[in-house]
Amino acid sequence: MEVDREDGRSQNQLRPLACSRSILHRAHGSASWSQGDTKVLAAVYGPRAGTKKNENPEKACIEVIWKPKTGQIGKLEKEYEMILKRTLQSICILTVNPNTTTSVMIQVVNDDGALLPSAINAACMALVDAGIPMRHLAVAICCCVARSGLVILDPTKLEEQKMKAFAYLVFPNLVHSVLPEGSPSVQGEPIENGIITSVTHGTMSVDDYFYCLERGRAASTKLSDFLRRNLQQQPTNSSKAG
Amino acid sequence: MGLPNASGDLSTEVEVDAFRRLFPLRFFEKHLLESIRPDARPLGRARDTTIALGAVASANGSALAKIGSTTMLAAIKMEVMAPSIETPDEGCIAIDFHMPPICSPIVRPGRPAEAAPVVAKQLSDTILSSGMINLKELSLVSGKAAWMAYLDIYCLDADGALFDAALLAAVAAFSHLEIPVVSLNDDGKIVLSEEQGLSDREPVNKEKRKVNLGSIPFSLTCILHKNYILADPTAEEESIMETSVTVVLDSSSQLLSLYKPGGAVLAYTSAIQDCIALTRQRVKELQKILEEAISGMEVD
């Protein structure tokens with residue numbers, strides 16, 4: 001069943017991805033991530049000494065500050081901050097630098113759909129740029145369920161508003177194992193099938209959700225490859241004399 | 001309290017409490033090995049739930065919901081306002097969730113709880129997208145007047161599963177809501193009619209009516225820890241095992257929300273299916289409890 005998307009993409013096609021790292025000079029790590037017209041800038045400062053009052057001093061603490069493109073900070077921004085904080089806490093190795101705080105600042109440059117997944121991807125790349133120790137990367141994708149039950153990936157803002165439901169899914173990235181027994185698996189399923197984070201909006205049936213999960217997993221392998229290629233490229237030499 | 005050699009004397013009790021405070025994860029894991037939790041619940045069972053309708057007499061609709069010790073008070077006030085230009089025949093619902101310092105030692109007067117805006121937003125999204133309330137029912141005079149329902153939910157005791165209790169309280173308050181009688185006075189403004197049959201003005205709606213509820217959403221929060229799935233956690237369990245999954249289903253088994261905000265444990269398909277199955281059971285329990293509360297009120 002074909003669906004007409006306004007920009008002519010097919011059901012499973014993602015928008016063009018672009019990512020650049022080390023774009024801010026004062027930040028310890030920074031990255032800009034864009035998926036089509038959605039663009040997010042992430043900066044990482046840390047680890048700094050000391051944790052906040054209610055946090056556990058035996059572990060590192062991650063603080064997220066989300067700045068929208070326009071308007072005041074409200075409940076939506078607080079919710080995104082909390083989701084991002086908990087997602088990043090689950091991928092960073094918190095026991096390496098105890099009693100420190102790492103701040104992640106997110107600035108929305110343009111919102112054209114799939115904003116939270118772009119922010120998660122940008123934050124991961126910024127953490128890599130800053131050298132924060134992590135277990136694996138998080139790969140985030142947005143899946144929309146149309147009224148006909150069809151699932152499309154990476155919607156634009158118009159598509160998000162028209163569809164009956166959408167889901168933001170975050171998976172761990174694909175592991176290329178050098179060991180002969182292949183990548184580790186839990187309960188017979190490979191590690192990259194597990195969900196780190198899932199946020200849904202709107203009404204969908206339970207089967208639609210599982211279908212979204214499958215499509216999301218397939219897309220996350222493409223995103224993982226993009227991340228791997230991007231990270232393997234040499235960073236540009238910032239010295240003009242070089 | 002779960003340990004096999006608990007005798008009556010004080011020193012053993014003090015040791016159990018000390019162990020619980022010093023090594024909370026080991027304390028819980030000892031219980032999980034026996035498929036039970038410290039409050040003697042099996043892993044898949046939620047705490048005792050009660051709903052009391054009409055808790056706030058001055059509000060148009062109110063309810064007090066308790067899941068175990070978690071207590072939520074929901075109240076709805078109705079006000080007449082002009083509808084927006086884009087939706088001239090629809091009313092409006094404003095949902096707010098408050099965590100006053102009474103609910104938990106972590107919440108202090110100057111510093112609002114981190115969980116409050118997040119739960120408020122989740123509640124708002126869930127209730128508005130569930131289709132439980134048809135906004136066109138809240139319209140009075142198309143283009144000129146419509147009802148605005150202010151739903152306020154106060155957490156009186158925060159002992160885990162805040163979203164579940166808040167959603168239950170909100171749903172119960174809506175099922176208790178009675179829209180007051182109003183009439184149009186000579187200036188063209190809507191006023192509350194105190195008594196029927198007294199005024200010579202034509203009442204805009206004839207009698208206090210209840211709102212028709214569409215499909216009602218119910219939720220269940222589960223904690224994932226290694227291979228265990230614990231339904232309806234207490235605050236202690238939530239603080240030790242941080243990975244939680246909240247599933248919201250409505251009465252026709254449509255998935256309204258599957259919310260898993262990060263967490264060290266990854267959720268595989270089998271775990272999600274188990275959570276959804278536990279939520280389906282819980283939806284049936286909650287539907288029964290809500291119906292009993294409503295029919296209890298009607299008898300009065």
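In this predicted model, a good place to begin is strand β11 (residues 217–225) of chain B, which is largely enclosed by the rest of the structure because 9 of its 9 residues are buried. The side chains of this strand part in two directions: P217(B), S219(B), T221(B), I223(B) and H225(B) point one way, while F218(B), L220(B), C222(B) and L224(B) point the other way, and all are buried.

The partners of β11(B) come next. With strand β13 (residues 244–250) of chain B, β11(B) pairs in the antiparallel sense over 7 bridges, and T221(B) stands opposite T246(B) of β13(B). A further 4 bridges join β11(B) to β12(B), again with the strands running antiparallel; here I223(B) stands opposite L230(B). β11(B) and β12(B) form a hairpin with 2 residues between them, and K226(B), in the turn, has a positive phi of about 50°.

Attention now turns to charged side chains. Side chains of opposite charge can pair when their charged atoms come close. Over all chains, the whole structure holds 20 salt bridges. One example in chain B joins R41(B) and D232(B), at 3.8 Å from N to O. This pair links distant parts of the chain, 191 residues apart: R41(B) lies in the loop between α2 (24–33) and β1 (49–53), and D232(B) in the loop between β12 (228–231) and α5 (235–240). R41(B) is buried, with a relative accessible area of 6%, and D232(B) is buried as well, at 1%. Salt bridges that share partners join these two residues with D39(B), R47(B) and D159(B) into one network.

Chain A offers further examples. R15(A) forms a salt bridge with D154(A), their closest N and O atoms being 3.0 Å apart. The two residues are 139 residues apart in the chain, with R15(A) in the segment before β1 (17–21) and D154(A) in the loop between β7 (151–153) and α3 (157–162). Both R15(A) and D154(A) are buried. Another salt bridge connects D129(A) and R21(A), with the closest N and O atoms 3.8 Å apart. This pair also links distant parts of the chain, 108 residues apart, with D129(A) in helix α2 (residues 115–130) and R21(A) in strand β1. R21(A) is partly exposed, with a relative accessible area of 22%.

Finally, the surface of chain B carries a nonpolar patch of about 290 Å², made by I102(B), Y154(B) and L156(B). Of these residues, I102(B) sits in the loop between β4 (92–98) and α3 (115–130) of chain B. I102(B) counts as exposed because its relative accessible area is 64%, where exposed means over 50%.

Conventions:
Residues are numbered from 1 along each chain as its sequence is written. Chains are lettered from A and ligands numbered from 1 in the order in which they are written. This is a predicted model: local features need pLDDT of at least 70, side-chain atom pairs count only at pLDDT 80 or more; totals for chains, interfaces and linings use all residues. Side-chain values use heavy atoms; hydrogens and water are left out. Patches are made of residues with over 30% relative accessible area and no salt bridge: like charges are joined within 9 Å, nonpolar side chains (Val, Leu, Ile, Met, Phe, Trp, Tyr) within 5 Å. Accessible areas come from the Shrake-Rupley method with a 1.4 Å probe; for residues, only the protein chains shown count as cover. A salt bridge is a side-chain nitrogen of Lys or Arg within 4 Å of a carboxyl oxygen of Asp or Glu. Buried means under 20% relative accessible area, exposed over 50%, partly exposed in between (1.4 Å probe, protein chains only). Two strands pair if DSSP finds at least two bridges between them.
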